[in-house]
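This report goes through a single protein chain, from its overall make-up to its strand pairing, aromatic contacts and main pocket. The sequence and the model are shown first.

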Amino acid sequence: MERTLILCLILLLCFPMAYGGYYSKTESRVSNLRKATNLRFFFHGILGGENTTAVTVARANSSSLGPSNSIVVDHAPLTVGPEPTSKTIGNAQGLEVFAGRDTTTVVVYLDFGFTEGELNGSSISVFSRNPATETQRELAVIGGRGKFKLAEGYALLKTTFISNTSLVVEYNVTVIHY
């Protein structure tokens, strides 16, 4: 009797019952019909003033770290052209972490939400290192929603205007999605 009880306990612990416990089944439901969408839009950043789009929410409390160590929250318009009066097609929301002693290197997380046309309700997300002092750079597209579910790709950035209080960045984005 004792041996039977021990054998039953060992079997129960080593071999879970088929009808109880964790269950997982993987099915191939992803189609091979991936699409590529190319987007072009302009990011308008305003630093300070009445219509500011970027606010510093944290800054290092050490002069030895340099002036660039801070965290900025963004909420900036996206337009079809470089002019501030161009049609707004969405907005960018996210964080920028400025880190670096010698150069201004920005780690960027931004979600580009579209509010017009066939992309209304869709967004793409980028997360990447952005060497902000370079005129041209590249960011990684890491996801999306709406039309851009399971998105990946890249964004090519080019600063088209910069001053002490504002900047305009052209985005040419290639998004691979289903």
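## Overall make-up

Of the 178 residues in the protein, 33% are buried. The model is a predicted one. It contains one helix and nine strands. Read from the N terminus, the order of the elements is α-β-β-β-β-β-β-β-β-β, so the text below is mostly about strands and what joins them.

## Strand pairing

The pairings discussed here are listed in the table, each with its bridge count and one pair of facing residues.

| Strands | Sense | Bridges | Facing residues |
|---|---|---|---|
| β1 and β3 | antiparallel | two bridges | Phe 43 and Leu 78 |
| β2 and β3 | antiparallel | five bridges | Ala 58 and Ile 71 |
| β3 and β4 | antiparallel | 10 bridges | Pro 77 and Asn 91 |
| β6 and β7 | antiparallel | four bridges | Val 126 and Val 141 |
| β7 and β8 | antiparallel | six bridges | Glu 138 and Leu 156 |

Strand β3 appears in three rows of the table: it pairs with β1, with β2 and with β4. Its residue Leu 78 stands opposite Phe 43, and its residue Ile 71 is the bridge partner of Ala 58. On the β4 side, Pro 77 faces Asn 91.

Strand β7 has a partner at each end of a hairpin. With β6 (residues 123-131), strand β7 (residues 136-145) shares four bridges, and the two form a hairpin with four residues between them. With β8, β7 shares six bridges, and here the hairpin has six residues between its strands. In the turn of the β7-β8 hairpin, Gly 146 has a positive phi of about 65°.

## Aromatic pairs around Phe 41

A pair of aromatic rings is described by the distance between the centres and the angle between the planes. The count of such pairs comes to five. Phe 41 and Phe 112 have ring centres 5.3 Å apart and planes at 55°, so this pair is tilted. Because Phe 41 lies in strand β1 and Phe 112 in strand β5, the pair ties together parts that are 71 residues apart in sequence. Phe 41 and Phe 112 are both buried.

How are the rings of Phe 41 and Phe 114 set to one another? Their centres are 5.7 Å apart and their planes stand at 75°, so the pair is edge-to-face; the cut-off for that class is over 60 degrees. Phe 114 also lies in strand β5, while Phe 41 lies in β1, so the contact ties together parts that are 73 residues apart in sequence. Phe 114 is buried, as is Phe 41.

Beyond these two pairs, ring pairs link Phe 41, Phe 43, Phe 112, Phe 114 and Tyr 171 into a cluster. One of the members, Phe 43, is the residue that stands opposite Leu 78 in β3.

## Thr 37 and Gly 49

Two further residues show contrasting exposure. Thr 37 is found in strand β1. Its relative accessibility is 15%, so it counts as buried, the cut-off being under 20%. The side chain of Thr 37 makes a polar contact with the side chain of His 177, at 2.6 Å.

Gly 49 is found in the loop between β1 (35-46) and β2 (54-59). Is this residue buried or exposed? With a relative accessible area of 65%, Gly 49 is exposed, because the class starts at values over 50%. The C-alpha atoms of Gly 49 and Thr 165 are separated by 8.2 Å, although the two residues are 116 residues apart along the chain.

## The largest pocket

The largest pocket has a volume of about 520 Å³. Its lining holds 27 residues, and those nearest the centre are Leu 47, Glu 96, Phe 98, Ala 132 and Leu 167. Two or more lining residues come from each of β1, β2, β3 (70-79), β4 (88-99), β5 (105-114), β8 (152-162) and β9 (166-177). By residue class, the lining divides into 15 nonpolar, eight polar and four charged residues.

Terms used: Residues numbered from 1 in each chain as written. Predicted model: local features only at pLDDT ≥ 70, side-chain atom pairs only at ≥ 80, totals over all residues. Heavy atoms only, no water. Buried < 20%, exposed > 50% of the residue type's maximum accessible area, 1.4 Å probe, protein only. 1 Å grid on protein atoms, 1.4 Å probe; cavity = no way out; pocket = protein on both sides within 12 Å on 5 of 7 lines; lining within 4 Å. Points joined across faces, edges and corners; volume = space filled by probe spheres on them. Nonpolar A, V, L, I, M, F, W, Y, C, P; charged D, E, K, R; others polar. Phe/Tyr/Trp six-rings, centres within 6.5 Å; stacked < 30°, edge-to-face > 60°. Pairing = 2+ DSSP bridges. Polar contact = N/O pair within 3.5 Å; in protein donor to acceptor, adjacent residues only side chain to side chain.
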